[in-house]
Amino acid sequence: SDNTEVFENVVEPLMWKAMDGYNVSVFCYGQTGSGKTYTMYGSNSDENPGIVRMALESMFSYIEATPEREFMLRVSFLEIYNEVIKDLLNTTSTNLKIID
């Protein structure tokens with residue numbers, strides 16, 4: 001399957017739940033070289049964007065089309081590799097701890 005198919009069948013329904021106020025997560029899991037990063041981020045061209053870009057574009061289009069409603073978006077991009085958690089939006093963070 002390609003990234004568009006994954007987005008339309010898996011991510012987009014979750015995205016609409018998020019727009020209704022639910023907390024959602026998209027989690028890619030697999031062995032090294034299986035395509036997790038490509039699925040999330042796609043290629044540098046517009047031909048096959050990743051699911052992150054497709055979701056953000058869809059969400060912001062929806063927000064623009066719904067001016068009567070106020071939205072607050074919070075996102076996190078985390079990588080877990082060899083039991084080490086890294087915040088992909090903060091390059092200075094290293095080995096984050098999980099707090100209950």
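**Close-up views of a predicted model**

**View 1. The length of helix α3 matches expectation.** The 14 residues of α3 should span 20 Å at 1.5 Å a residue, and this agrees with its end C-alpha atoms, which lie 20 Å apart. Seen down the axis of α3, the buried residues fall within an arc of 165°, so they line one face of the helix. Which residues of α3 are buried? They are I51, V52, M54, A55 and M59. The cover over these residues includes α1 (3-19) and α2. The model is predicted.

**View 2. Helix α1 bends at V11.** The bend is about 45°. A proline, P13, follows within four residues. V11 is also one of the buried residues of α1. The others are N3, F7, M15 and M19. What covers the buried residues of α1? The cover includes α2 and α3. After α1 comes G21, with a positive phi near 105°.

**View 3. N48 sits in the loop between α2 (36-41) and α3 (51-64).** Is N48 buried or exposed? Its relative accessibility is 17%, so N48 counts as buried; the cut-off for buried is under 20%. The side chain of N48 makes a polar contact with the side chain of Y38, at 2.7 Å. Y38 also appears among the residues in contact with N48 once neighbours within four places in sequence are left aside. The rest of that set is N3, T4, G42 and S43. N3 is itself a buried residue of α1.

**View 4. The whole chain, for orientation.** The protein chain holds 3 helices and 2 strands. Along the sequence, their pattern is α-α-α-β-β. The C-alpha trace spans about 45 × 35 × 20 Å along its principal axes. How much of the chain is buried? Buried residues make up 20% of the 100 residues. The accessible surface of the protein chain comes to about 8,100 Å². Carbon and sulfur atoms account for 51% of that surface. Take the contacts between residues at least 6 apart in sequence: 36% of them join residues at least 24 apart.

How values were computed. Residues are numbered from 1 along each chain as its sequence is written. This is a predicted model: local features need pLDDT of at least 70, side-chain atom pairs count only at pLDDT 80 or more; totals for chains, interfaces and linings use all residues. Side-chain values use heavy atoms; hydrogens and water are left out. Buried means under 20% relative accessible area, exposed over 50%, partly exposed in between (1.4 Å probe, protein chains only). A polar contact is a pair of N or O atoms within 3.5 Å; within protein, one must be able to donate a hydrogen and the other to accept it, and residues adjacent in sequence count only if both atoms are side-chain atoms. Contact means heavy atoms within 4.5 Å. The expected span of a helix is 1.5 Å times one less than its number of residues. The arc is that of the directions from the helix axis to the C-beta atoms. Accessible areas come from the Shrake-Rupley method with a 1.4 Å probe; for residues, only the protein chains shown count as cover. The bend at a residue is the angle between axes fitted to the seven residues ending there and the seven starting there.
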